[in-house]
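The following exercises are to be worked through with the sequence and the coordinates at hand. Each task is followed by a solution in steps.

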Amino acid sequence: TLNLVLDNGVLRDNLGRQGYIASNGQLQFDEPPQENALVTEGFTICQDTGRLMLLGEDTFYSCLSGDFSNIYDRKIAPQCVPVYVQVIDPTLVGEMEFVVSRK
């Protein structure tokens, strides 16, 4: 699971680093975000589904890289599969727990 805070479209991890889409399309957490970041805000939670959305889209892509996967905003390679980033309890305010599941 991921523990994240969403505040006015800005996503932060439990270490206070900002979530953003890097120039390669990867969801990353750094403080500050890389200078060439593509998107640094615009994250929301869909009220109907409880899914994390970015600029109105709720589909992300999990791309296997060795023993682990990275999350991207687009399919960057054949091994990438569409996924949702789901809030486990959307009624919580502040820090929320998320789980990534296949679409």
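**Exercise 1.** Does Asp89 count as buried, partly exposed or exposed, and at what relative accessibility?

*Solution.* The model is a predicted one, and every value below is computed from it.
- Step 1. Locate the residue: Asp89 sits in the loop that lies between strand S9 (81-87) and strand S10 (95-102).
- Step 2. Apply the cut-offs: buried is under 20% relative accessible area and exposed is over 50%, with partly exposed in between.
- Step 3. Asp89 has a relative accessibility of 30%, so Asp89 counts as partly exposed.
- Step 4. For its position in space, take Gly66 as a reference: the two residues are 23 residues apart in sequence, and their C-alpha atoms are 31 Å apart.

**Exercise 2.** Determine the strand, the burial and the contacts of Leu52.

*Solution.*
- Step 1. Leu52 belongs to strand S6 (residues 52-54).
- Step 2. The relative accessibility of Leu52 is 1%, and Leu52 therefore counts as buried.
- Step 3. With neighbours within four places in sequence set aside, the contacts of Leu52 include Leu11, Phe43, Ile45, Phe60, Val85 and Phe98. Thr44, Glu57 and Asp58 are also in contact with Leu52.
- Step 4. Leu52 and Leu6 are separated by 46 residues in sequence, while the distance between their C-alpha atoms is 9.7 Å.

**Exercise 3.** Describe the surroundings of Ser62, including the polar contact of its side chain.

*Solution.*
- Step 1. Ser62 is part of strand S7 (residues 60-65).
- Step 2. Since its relative accessible area is 14%, Ser62 is buried.
- Step 3. The side chain of Ser62 is joined to that of Ser69 by a polar contact of 3.5 Å.
- Step 4. Beyond four places in sequence, Ser62 is in contact with Ser69, Asn70 and Ile71, and also with Gln79, Cys80, Val81 and Val83.

**Exercise 4.** In which sense do S1 and S2 pair, and over how many bridges? Extend the analysis to S3.

*Solution.*
- Step 1. S1 and strand S2 (residues 10-13) are paired in the antiparallel sense, over four bridges. One such pairing places Leu4 opposite its bridge partner in S2, Asp13.
- Step 2. The two strands form a hairpin with two residues between them. In this turn, Asn8 has a positive phi of about 50 degrees.
- Step 3. S2 also runs antiparallel to strand S3 (residues 18-21), to which two bridges join S2. Here Arg12 has Gln18 in S3 as its bridge partner.
- Step 4. The hairpin of S2 and S3 has four residues between the strands, and Gly16 takes a positive phi near 85 degrees.

**Exercise 5.** Characterise the largest pocket by volume and lining, and then examine Gln28.

*Solution.*
- Step 1. The volume of the largest pocket is about 250 Å³.
- Step 2. Its lining comprises 14 residues, and those nearest the centre of the pocket are Leu2, Arg17, Leu27, Gln28 and Phe29.
- Step 3. At least two lining residues come from each of strand S1 (2-7), strand S4 (27-30) and strand S8 (68-72).
- Step 4. By class, the lining has five nonpolar, seven polar and two charged residues.
- Step 5. Gln28 is a residue of strand S4. Its relative accessibility is 17%, so Gln28 counts as buried.
- Step 6. Apart from residues up to four places away in sequence, Gln28 touches Gln18, Gly19, Tyr20, Ala22 and Gln34.

Note on methods
Residues numbered from 1 in each chain as written. Predicted model: local features only at pLDDT ≥ 70, side-chain atom pairs only at ≥ 80, totals over all residues. Heavy atoms only, no water. 1 Å grid on protein atoms, 1.4 Å probe; cavity = no way out; pocket = protein on both sides within 12 Å on 5 of 7 lines; lining within 4 Å. Points joined across faces, edges and corners; volume = space filled by probe spheres on them. Nonpolar A, V, L, I, M, F, W, Y, C, P; charged D, E, K, R; others polar. Buried < 20%, exposed > 50% of the residue type's maximum accessible area, 1.4 Å probe, protein only. Polar contact = N/O pair within 3.5 Å; in protein donor to acceptor, adjacent residues only side chain to side chain. Contact = heavy atoms within 4.5 Å. Pairing = 2+ DSSP bridges.
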